[in-house]
Amino acid sequence: MSDSPREEIFSSLQHIAIIMDGNGRWAQRRHLPRLLGHRAGVKAVERIVRATTSYHIPYLSLYAFSTENWKRPQTEVKGLMSLFKFYIRKKIDELREEGVRLRFAGRIQGVPDDIREIMYQAENITKDGERLQLIVCLNYGGRQEILDAIQHIVRESDGTDITDETFRKYLYLPDVPDPDLIIRTSGEQRLSNFWLWQGAYSELYFTSVLWPDFTEKTLKDAIDSFEKRDRRYGGIQS
Ligand code: IPE
Ligand code: IPE
Ligand code: MG
């Protein structure tokens, strides 16, 4: 039995995944450049990492940059890449001290060399963190992940006897449990290529709050809603 009431309440919630959307609109509403919206988004990330740790939820994944986001104007893409580089480097030591293990999911080979190098360093330096696994999905696409897995399987085997369990081993982070709850901010109600395989039975929560305005309270509202759901997995009501 757990000695923490919070741990007990949320014991069915192992992995929260967030599609952090609305940074651009947050900035536009203030007549600011979109990049300032992304910077404000980083502050929300800091708040939510702290809150998730305090709830003893062991996995948090954040959709930071999709395989489709390269379509954006060069200035925005460049700005986002510098923000990732700056932020990851700045946070490595603090995350390690707080017991946070940082991991990345996505086509890492498609990320600029200097950023990829820092991503590897960060994973390595924080690898012993046991309080929270923080998964940043960068150059991530669910379809691409499935295609990468298939290519891997085709190279390694004759493709017979592929089951859910064997297929899973070829995903980017096979040891990470499927997200229990996927939250999307900014009022959009779509997955935009996020966790397509892993999200098959995730509970979905949509809020109109723009990502930079996302607070501990918004997170708590999402968790409260999750706690009321009846997860059936195709079975009957429990
Ligand atoms: C989400 O905010 C952040 C990324 C996709 C990197 P957006 O930049 O998509 O913000 P909106 O949707 O344009 O408001
Ligand atoms: C999804 O947001 C990707 C991330 C949050 C990183 P987008 O803003 O790119 O998605 P669409 O274009 O509205 O579907
Ligand atoms: Mg968006």
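**Exercises on a predicted model with one ligand**

Of the 13 residues around ligand 1 (near: a heavy atom within 4 Å), Asp-21, Gly-24, Arg-25, Arg-34 and Arg-72 come nearest. This is a predicted model, in which local features need pLDDT of at least 70 and side-chain atom pairs count only at pLDDT 80 or more, while totals for chains, interfaces and linings use all residues. Residues are numbered from 1 along each chain as its sequence is written, chains are lettered from A and ligands numbered from 1 in the order in which they are written, and side-chain values use heavy atoms, with hydrogens and water left out.

**Exercise 1.** Determine which side chains have an N or O atom beside an oxygen atom of ligand 1, and how much of the ligand the protein covers.

*Solution.*
1. The side chain of Asp-21 places an N or O atom 2.8 Å from a ligand oxygen.
2. For the side chain of Arg-34, the corresponding distance is 2.9 Å.
3. On its own, ligand 1 has 380 Å² of accessible area (Shrake-Rupley method, 1.4 Å probe), of which the protein covers 86%.

**Exercise 2.** Explain which parts of the chain the salt bridge between Glu-188 and Arg-25 ties together.

*Solution.*
1. A salt bridge is a side-chain nitrogen of Lys or Arg within 4 Å of a carboxyl oxygen of Asp or Glu; here the N to O distance is 3.0 Å.
2. Arg-25 belongs to helix α2 (residues 23-29) and Glu-188 to the loop between β5 (181-184) and β6, so the pair ties together parts 163 residues apart in sequence. Helices (H or I, at least four residues) and strands (E, at least two) are DSSP runs, numbered from the N terminus.
3. Arg-25 has a relative accessible area of 26% and is therefore partly exposed; buried means under 20%, exposed over 50%, and partly exposed in between (1.4 Å probe, protein chains only).

**Exercise 3.** Contrast the sequence separation in the salt bridges Asp-93 to Arg-96 and Asp-178 to Arg-168.

*Solution.*
1. Asp-93 and Arg-96 meet at 3.8 Å, N to O.
2. Both lie in helix α4 (residues 74-97), and because they are three residues apart, about one helical turn separates them.
3. Asp-178 and Arg-168 have their closest N and O atoms 3.0 Å apart.
4. This pair is 10 residues apart, with Arg-168 in helix α7 and Asp-178 in the loop between α7 (164-168) and β5.

Notes: A polar contact is a pair of N or O atoms within 3.5 Å; within protein, one must be able to donate a hydrogen and the other to accept it, and residues adjacent in sequence count only if both atoms are side-chain atoms.
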